[in-house]
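Reader: I'm new to reading protein models and would like to work through one with you. Could we take it step by step?

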Amino acid sequence: MITFDWKGVLPAVTTKFTDNDELDFEAFDINLNAQLEAGVDGFILGGSLGEASVLSDDEKFALLAHTVEFVQGKVPVILNIAEQTTKAAVAYAQKAFDKGADGLMLLPPMRYNSEARETVAYLTSIAKSTELPIMIYNNPVDYKIEVTLDMFAELAAYDNIQAVKESTRDVSNVTRMINKFGDRFKIFTGVDPLAMESLVMGADGWVAGLVDAFPKETVAIYRLVKAKRYDEALAIYRWFLPVLELDIHPKLVQYIKLAEVATGIGTENVRAPRLPLIGAEREKVQKIINDALAARPELPVGSWGKLTEVAL
């Protein structure tokens with residue numbers, strides 16, 4: 001089994017498109033470089049923020065192959081799986097392994113509101129089909145299926161199910177997971193405006209969205225919390241919160257891409273049916289971003305930057 005430490009900041013990266021609606025690897029690489037310079041601990045491809053629902057399979061695996069080649073083993077590359085059938089998800093997991101993925105993030109079945117027995121069967125079928133380590137994406141707010149503590153008790157039988165992206169929006173769930181399972185599952189906060197609260201309560205890492213525009217600040221908050229330098233982390237977090245709240249809007253893709261443009265490490269191009277922001281909505285989001293940039297804090301020395309390479 002491939003192994004790496006499930007910890008740190010894992011950007012859910014956006015997918016970059018050219019003006020002709022093709023994958024824009026040049027813009028993508030600029031963003032990856034900025035993330036690596038900031039000291040992120042891995043990349044997650046093909047998530048909601050990555051516009052997975054409008055990417056072809058060929059495009060998803062092209063992004064995977066490109067990213068694996070680009071990072072050269074410095075950090076793990078994790079591919080999201082969001083499929084409608086168990087058969088398709090298993091095939092996807094096997095191809096991800098063949099294409100060099102270091103791990104998987106799994107959503108429950110898409111479109112069908114599966115019951116607990118069906119959801120566990122779906123997730124364990126994928127786990128049994130692959131050597132790759134797995135993070136379960138638990139987001140009942142957006143995807144209507146909750147992976148409960150009882151379901152995690154069943155999933156614990158599979159050694160390669162190792163982590164959870166905790167997006168229930170109930171910070172107490174971090175404590176519930178630790179109380180029931182100890183360190184059996186590594187816990188990642190998956191909701192940007194609840195990130196510091198979750199990290200203080202014991203989350204091991206942060207699957208982040210606004211890191212795509214503000215990588216150094218995101219890494220700094222994580223590292224300062226883990227160093228128990230709470231006052232310094234809180235000062236950054238309070239400054240950051242209005243921007244972090246862009247992560248929980250249905251148009252989070254457009255919002256975060258607009259922020260990437262403002263910080264010079266992305267483009268605004270989205271794939272239809274999404275469209276770029278216009279009018280009052282655009283002005284409102286741009287003001288939030290501009291206000292943050294005008295008051296951007298100086299980060300403590302050593303709170304960001306690559307410290308060590310991840311051994312895969």
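**A walk through the model**

Author: Sure, and let's begin with an arginine: R274 has a relative accessible area of 22%, so it counts as partly exposed. Keep in mind that this is a predicted model.

Reader: Which residue forms a salt bridge with R274?

Author: Look for a carboxyl oxygen close to the arginine's side-chain nitrogen; the cut-off is 4 Å. The closest N and O atoms of this pair are 3.9 Å apart. So the distance falls within the cut-off, and the partner of R274 is E51.

Reader: How many residues apart are E51 and R274?

Author: E51 is in the loop between β2 (43-45) and α2 (57-71). R274 is in the loop between α11 (252-262) and α12 (279-294). The pair links distant parts of the chain, and the separation is 223 residues.

Reader: Is E51 buried or exposed?

Author: Anything under 20% relative accessible area counts as buried. E51 has 0% relative accessibility, so the label for E51 is buried.

Reader: Which residue does R296 pair with in a salt bridge?

Author: Start from R296, in the segment after α12, and go to helix α9 (residues 215-226), where the partner sits 79 residues apart from R296. The closest N and O atoms are 2.5 Å apart. The partner is E217.

Reader: What are the relative accessibilities of R296 and E217?

Author: R296 is partly exposed, with a relative accessible area of 38%. E217 counts as buried, and its relative accessibility is 2%.

Reader: Why are D291 and K287 separated by about one helical turn?

Author: Their side chains meet in a salt bridge, at 2.7 Å from N to O. D291 is partly exposed, with a relative accessible area of 42%. The two are separated by about one helical turn because they are four residues apart in helix α12.

Reader: Which residues do salt bridges with shared partners join into one network?

Author: A search of the whole structure finds 14 salt bridges. Where salt bridges share partners, they join up, and the network consists of D21, E59 and R271.

Reader: Let's switch to rings. What kind of aromatic pair do W6 and F188 form?

Author: The structure holds nine aromatic pairs. For W6 and F188, the centres are 6.2 Å apart and there are 80° between the planes. An angle over 60 degrees counts as edge-to-face, so this pair is edge-to-face.

Reader: Where along the chain are W6 and F188?

Author: They are 182 residues apart, and both are buried. W6 is in the segment before β1 (8-11), and F188 is in strand β7 (residues 186-189).

Reader: What is the angle between the ring planes of F152 and F185?

Author: Both residues are buried. The ring centres lie 5.2 Å apart. The pair is edge-to-face because the planes are at 65°.

Reader: Which residue lies over the face of F185?

Author: F185 has a second contact to look at, with a charged side chain. At 4.6 Å from the ring centre of F185 lies R184.

Reader: And which ring does the charged end of K165 sit over?

Author: The charged end of K165 is 3.9 Å from the ring centre. The ring belongs to Y137.

Reader: How about empty space: what volume does the largest pocket have?

Author: Its lining has 38 residues, and the closest to its centre are G47, S48, L49, L107 and Y143. The lining divides into 17 nonpolar, eleven polar and ten charged residues. The space in this pocket is about 800 Å³.

Reader: Which elements each supply at least two residues of the lining of the largest pocket?

Author: Here we look for a helix and a strand. They are α5 (140-143) and β8 (205-208).

Reader: How many cavities of 30 Å³ or more does the structure hold, and what is the volume of the largest cavity?

Author: The structure holds one cavity of 30 Å³ or more. Residues lining the largest cavity include E166, R169 and V191, and the lining divides into four nonpolar, four polar and three charged. The volume of the largest cavity is about 50 Å³.

Reader: V191 is in that lining; what distance separates the C-alpha atoms of V191 and I248?

Author: I248 is in the loop between α10 (230-244) and α11. Along the chain, I248 and V191 are 57 residues apart. Their C-alpha atoms are separated by 7.3 Å.

Notes
Residues are numbered from 1 along each chain as its sequence is written. This is a predicted model: local features need pLDDT of at least 70, side-chain atom pairs count only at pLDDT 80 or more; totals for chains, interfaces and linings use all residues. Side-chain values use heavy atoms; hydrogens and water are left out. On a 1 Å grid over the protein atoms alone, a cavity is a set of points where a 1.4 Å probe fits but cannot get out, and a pocket is an open set with protein on both sides within 12 Å along at least five of seven lines; lining residues have an atom within 4 Å of a point. Grid points are joined across faces, edges and corners, and a volume is the space filled by probe spheres set on the points. Ala, Val, Leu, Ile, Met, Phe, Trp, Tyr, Cys and Pro count as nonpolar, Asp, Glu, Lys and Arg as charged, and the others, Gly among them, as polar. Buried means under 20% relative accessible area, exposed over 50%, partly exposed in between (1.4 Å probe, protein chains only). Rings of Phe, Tyr and Trp (its six-membered ring) pair if their centres lie within 6.5 Å; planes under 30 degrees apart count as stacked, over 60 as edge-to-face and the rest as tilted. A charge sits over a ring if NZ of Lys or CZ of Arg is within 6 Å of the ring centre and within 35 degrees of the ring normal.
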